[in-house]
Amino acid sequence: MPPPPGYQQGPPPGAPQEPVNSHMGWAIGAIFLFWPLAIPAIMAASRCNAAVAAGDYMGAQAASEDAKKWAKLATIIGICWYVLSCLIFGLASCGGLMAANSAATSTY
């Protein structure tokens, strides 16, 4: 007997019970930290969404893990880059202030 009209069939057997997280938000946020690695994260998250729409839950899970990996790398490298830049800028500023103070207080 066929199912009644409008009947929604669940995911196939072996599919995860919870929806697959594509990590698209994290990938988009990583653009502001380190864009060279955030672009592959966004592409993997898009592949994840396309795989879920096609019913390929195993492919979606693999793409989700790939997106998470790239987004995590972009976040870690971006944060380290910004911290290192702030430290270098801070040290250069302190050195410039010390040189200016030394020049202002020295007498000839």
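These are my notebook entries on one protein chain.

**Entry 1: the whole chain**

I began by noting that the model is predicted. Next I looked up the secondary structure. The protein chain has 3 helices and 0 strands. Read from the N terminus, the elements run α-α-α.

Then I turned to the surface. The chain exposes about 7900 Å². Carbon and sulfur atoms supply 71% of that area. I also looked up burial. Of the 108 residues, 19% count as buried.

I checked how far apart in sequence the contacting residues are. I took the contacts between residues at least 6 apart in sequence. Of these, 64% join residues at least 24 apart.

**Entry 2: Ser 22**

Where does Ser 22 lie? I found Ser 22 in the segment before α1, and that helix covers 24-30.

Is Ser 22 buried or exposed? Its relative accessibility is 10%. The cut-off for buried is under 20%, so Ser 22 counts as buried.

I then listed its contacts, leaving aside neighbours within four places in sequence. Ser 22 is in contact with Ala 45, Cys 48, Asn 49 and Ala 67. With Asn 49 there is also a polar contact, side chain to side chain, at 3.4 Å.

**Entry 3: Ile 31 and the nonpolar patch**

I moved on to Ile 31. This residue sits in the loop between α1 and α2, and α2 covers 35-54. Its relative accessibility is 30%. Partly exposed is the class between 20% and 50%, so Ile 31 belongs there.

Which residues does Ile 31 touch, leaving aside neighbours within four places in sequence? I found Ala 38, Ile 39 and Ile 42. I also looked up one distance. The C-alpha atoms of Ile 31 and Ile 42 are separated by 9.0 Å. Along the chain these two residues are 11 residues apart.

Ile 31 also helps make a nonpolar surface patch. Its partners there are Phe 32, Trp 35, Ile 39 and Met 43. The patch is about 550 Å². Ile 39 turns up twice in my notes: as a contact of Ile 31 and as a member of the patch.

**Entry 4: cysteines**

I wanted to know about disulfides. A disulfide is a covalent bond between the sulfur atoms of two cysteines. How many disulfides are counted here? The count comes to 0.

I looked up two cysteines for exposure. Cys 86 has 57% relative accessibility, over the 50% cut-off, so Cys 86 counts as exposed. Cys 94 has a relative accessible area of 43%, so Cys 94 is partly exposed. I had already met Cys 48, as a contact of Ser 22.

How values were computed
Residues are numbered from 1 along each chain as its sequence is written. This is a predicted model: local features need pLDDT of at least 70, side-chain atom pairs count only at pLDDT 80 or more; totals for chains, interfaces and linings use all residues. Side-chain values use heavy atoms; hydrogens and water are left out. Helices (H or I, at least four residues) and strands (E, at least two) are DSSP runs, numbered from the N terminus. Buried means under 20% relative accessible area, exposed over 50%, partly exposed in between (1.4 Å probe, protein chains only). A polar contact is a pair of N or O atoms within 3.5 Å; within protein, one must be able to donate a hydrogen and the other to accept it, and residues adjacent in sequence count only if both atoms are side-chain atoms. Contact means heavy atoms within 4.5 Å. A disulfide is a pair of cysteine sulfur atoms within 2.5 Å. Patches are made of residues with over 30% relative accessible area and no salt bridge: like charges are joined within 9 Å, nonpolar side chains (Val, Leu, Ile, Met, Phe, Trp, Tyr) within 5 Å. Accessible areas come from the Shrake-Rupley method with a 1.4 Å probe; for residues, only the protein chains shown count as cover. A salt bridge is a side-chain nitrogen of Lys or Arg within 4 Å of a carboxyl oxygen of Asp or Glu.
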